[in-house]
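These are my notebook entries on a structure that I had not examined before. I set down what I looked up, in the order in which I looked it up.

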Amino acid sequence: MGSQTILDLIASTIVFGTLTLIALRLNGSTMENTHAFREDLIVQQNLVAVSELLEYDFRKIAYCKDYTVIESPTMAIRYADTSKIIFWTDFSTLANPYGDGVLDSLTYYVGSTSELLSTPNPNDRLIYRVENDATPIGVYMGVSTFYMQYYDALRNQLSTPVDSCQLIQYMQITIQVEHPVKWTKFYNVATYDTVYQSAFWRQVRLVAKNLNNR
Amino acid sequence: MGRSAIYMVMGMTFMFLFFGKTMSDNGTEAFSNAIDYYESTQMFNIAEAGANLACNQIFLNSSWRTGFTNVPMNNGTFTVILDTVTYPNKVYMTSIGVYQQDTHFVKILLSPSSMAKFAMYSGNVSSAAKLRNGDTIDGPIHANSKLSTQGNPVFIGKATMGQLQKTAGSPTFLGGYQENVNITFPDYAPSAAAIVDLANNPGGTHDYQNGSELFLKFSVDGSGVCQVQYKLSSGDSYGAAVPLSTFAPTGNIALVDGKLHIEGTIKGQVTITSALSATSADDSHGAVYIDDNVRYYTDPLTNPSSTDMLAVVAASNIQIQKLPMRMDGAFFTNSSAKLKSDLVNDSPMKQLKIVGSLISKSIGSTDFGNGASQGANFYMKYDTRLEGGSPTNFPNPTNNNSFEVLSWFE
C-alpha cells in the first residue's frame, strides 16, 4: 500500500466523518425542532380547549332554561375575584342540551403553584371547574395565568374581590398556558434565557347576555 | 461516484422524508388546531348574527314571524325559525349557524314587553319624594328623572334611574344600580282604547260605563267563583253579586270619563281601565280609587302557579284610600299614584304593600307622606309572573310593541 493510498484513506475517512457528523447534527436539530413544534402544538391545543370551555360556560352566566327560576339575573354572579368566580347557570346534559331548567352553581378557580411542584415549570397551576357542590378536582392544562377583571355598565373597572357582583356587566378574561418543561430552542431574545413555551389568550369584553336581560 | 455516496444520499433522503413527514404532520395539526378554533368561532358568530338580525326584524315589526332560511353570511349560512307554539304568547327563536358542515344553535325566548316588567316605575319624580328607611323595593325599579332617597331604603332588584339623589344615609342596592338610563313614559291611550273596545262589546252585566262614578267590589264565593258587585254612588248599597264571567265576559271592564273605585278579592284575570274620551284628567275623570285591599284569591307569593291577574290602567290618578293597604296587581296611572290627602300625615307610618307593579307618570313631593316619618312605608314585591306574561293590554314601553329577552342560550 503506497503513500497515495494511505492519503486517500485518510482523506476519505475525514470526508466520511464530516458527513456523518453533519448527518448526526442534522438529525439532532431536526428531532429537537420536531419535538419543540410538537410541544408547542400541545400548548396551543390546551389553550384552545381551555378558552373554548371558558367561553361556553361564561356565556351561560345567569342562563336557565326555565327563566322563572332566576328572578334577578343581575345577581347570578355570586363571587368574583381575579382568579375565582362563582355563578349561577344551567348545565347542558345529553338529554337536555339546552339545560334542564334547574339552577346550577359553577365555580372556576386556579390552584396555587405549590400544587404542581413536580413539574419543572414553577408557574403552572391546576385549573378547577366545580359543578354545584362536587369535590373540586384540578385539571392540568398548563395554565400559568388565569386572570379576570370586571367592569360595570359604564365600563369602570371594579375592584376585586367585587363587593357588589350585581354591578358586573362585562368581563375580561386572560389566560396563559405554559409548557411544563423548558425547551432550549425557546429563549428570550433580550436575555438569552431559555423560557417555557407559552400561548396567550384574552377575551377583551365578554358579555353574558342573560346577566342583564331583565 | 462510489457506492458509499449513493448510500449516503439514500440515507439522507430517508431521514429527510421521515422528519419531513413528522414536521409536516405537526404543522398540519397546529393549523388544524387553529382552524378548529376559527371554525367554532365563525359558526358561533354566524348563528349570533342570525339571532341579532331576527331580533332586529321583530323590533322593527313586532308581528314578524317569517324567519330566515339559508342566508349567506361570512362563507356560511344561517337559518332562523320562530316558534310561537311551544311557549304560548311568546316567541321562541332558534338561530342555526352553519359553517363548513358544522352547526351552532342560539335559542332565545322572547316575551312581549310591558311596563309591568318594573316593580315600580316613575317618570318624573319630585326631589322631595324620597324613598326612606323601612321602604323596600323587591323587584326592578326605574325612576326616569331621579331616584331620591333619604336614610337606608333597600332595593333588592335592579335599579335604574336618570340620576341618583341621596340625602343622608346609604341606600342598599342589592341588585345594582345604573344612572343615566332613559326609559320614556309610554302613551297609555292605545292600551286604554283597546280595553274600552273589549269592554264595550255586547254582553256583560255592567262591564262598560260612560261617565259618573262606578264602585266595583270583587269577592270569591264558597264554590270558588269570582263574583262582582257594583254600585254607582257611595251612598248606595252594592247590588247582587254576579259571576265575573257574566259581569265581564271578555275580562275587561271600562269606565270612561268617570271615577272608578275598586276593592276586594279577585280570582281569574281582569283588566280594568278608567279612561277618558273628551274630558281632561282630574280627580273625577279618569281616576281610580283603591278603597280597600285588592287581593288575589291565590297569593302568587305563596303559590307561584297562581293564575289570578289584575291590571288597572288609569288616565288620571290612582289614589289609595286607606293604610295599611295591600294591592295585588299591575297598576298604571297616566298621572300620579298617591295617598288620600289625610293619610300623608299618618304617624307612625303604615305599610303600603303592592304585590305586582306600580307604574306612575309622576310622583309629587308629598304623594306618599309628609316628611320623613309620616305617610306610607313602601313594600313593593314584584310579581315575577309579570315577566313572562304581562296582563292583556297593559301599556308597552315602546310604540312598536317590543319584546323582552327572557333567556338567551348561545
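**Entry 1: chain B as a whole**

I began with the secondary structure of chain B and counted four helices and 27 strands. I then looked up its radius of gyration, which is 30 Å, whereas the globule rule gives 22 Å for 410 residues; chain B is therefore more spread out than a compact globule. The C-alpha trace of chain B spans about 130 × 55 × 40 Å along its principal axes. Of the 410 residues in chain B, 45% are buried. I also noted that, among the contacts in chain B with a separation of 6 or more, 60% are between residues 24 or more positions apart.

**Entry 2: confidence**

I recorded that this is a predicted model. It scores ipTM 0.79 and pTM 0.76. For chain B the mean pLDDT is 89, and 99% of the residues reach 70 or more. Which elements of chain B have the lowest and the highest mean pLDDT? I found the lowest, 82, in H4(B) and the highest, 96, in strand S19 (residues 259–266) of chain B.

**Entry 3: a strand of chain B and its partners**

I next examined strand S3 (residues 91–99) of chain B. Seven of its nine residues are buried, so S3(B) is largely enclosed by the rest of the structure. On one side I followed its pairing with strand S2 (residues 76–83) of chain B, which is antiparallel and has seven bridges. Within this pairing, Thr77(B) has Val98(B) of S3(B) as its bridge partner.

S3(B) also runs antiparallel to S4(B), and nine bridges join the two. I met Val98(B) again here, opposite Thr103(B) in S4(B). S3(B) and S4(B) form a hairpin with two residues between the strands, and in this hairpin Gln100(B) takes a positive phi near 50°.

**Entry 4: chain A as a whole**

I turned to chain A and found one helix and eight strands. Read from the N terminus, the order of its elements is α-β-β-β-β-β-β-β-β. Its radius of gyration is 26 Å, well over the 17 Å from the globule rule for 214 residues, so chain A is also more spread out than a compact globule. Along the principal axes, the C-alpha trace of chain A spans about 100 × 40 × 30 Å. Buried residues account for 30% of the 214 residues in chain A. Of its contacts with a separation of 6 or more, 57% involve residues 24 or more positions apart.

**Entry 5: the helix of chain A**

What distance should the 56 residues of helix H1 (residues 3–58) of chain A span? At 1.5 Å a residue the expected span is 82 Å, and the end C-alpha atoms are 81 Å apart, which agrees. I listed the buried residues of H1(A), among them Phe37(A), Leu41(A), Val43(A), Leu54(A) and Phe58(A). The buried residues of H1(A) pack against strands S4 (125–131), S5 (138–151), S7 (170–178) and S8 (198–206) of chain A, and also against helix H1 (3–60) of chain B.

**Entry 6: where the chains meet**

I closed with the interface, where 31 residues of chain B are in contact with 32 residues of chain A. On the chain B side, at least two residues each come from H1, strand S4 (102–112), helix H4 (385–388) and strand S27 (403–409). H1(B) supplies the largest share, 13 residues. By class, I recorded 13 nonpolar, 11 polar and seven charged residues on the side of chain B that touches chain A.

Technical notes: Residues are numbered from 1 along each chain as its sequence is written. Chains are lettered from A and ligands numbered from 1 in the order in which they are written. This is a predicted model: local features need pLDDT of at least 70, side-chain atom pairs count only at pLDDT 80 or more; totals for chains, interfaces and linings use all residues. The expected span of a helix is 1.5 Å times one less than its number of residues. A residue is buried if 20 or more other C-beta atoms lie within 10 Å of its own, exposed if 12 or fewer, and partly exposed in between; C-beta atoms are placed from the backbone. Two residues are in contact if their C-beta atoms, placed from the backbone, lie within 7 Å. The radius of gyration is taken over C-alpha atoms; the globule rule is 2.2 Å times the number of residues to the power 0.38. Ala, Val, Leu, Ile, Met, Phe, Trp, Tyr, Cys and Pro count as nonpolar, Asp, Glu, Lys and Arg as charged, and the others, Gly among them, as polar. pLDDT is the predictor's confidence in each residue, from 0 to 100. Two strands pair if DSSP finds at least two bridges between them.
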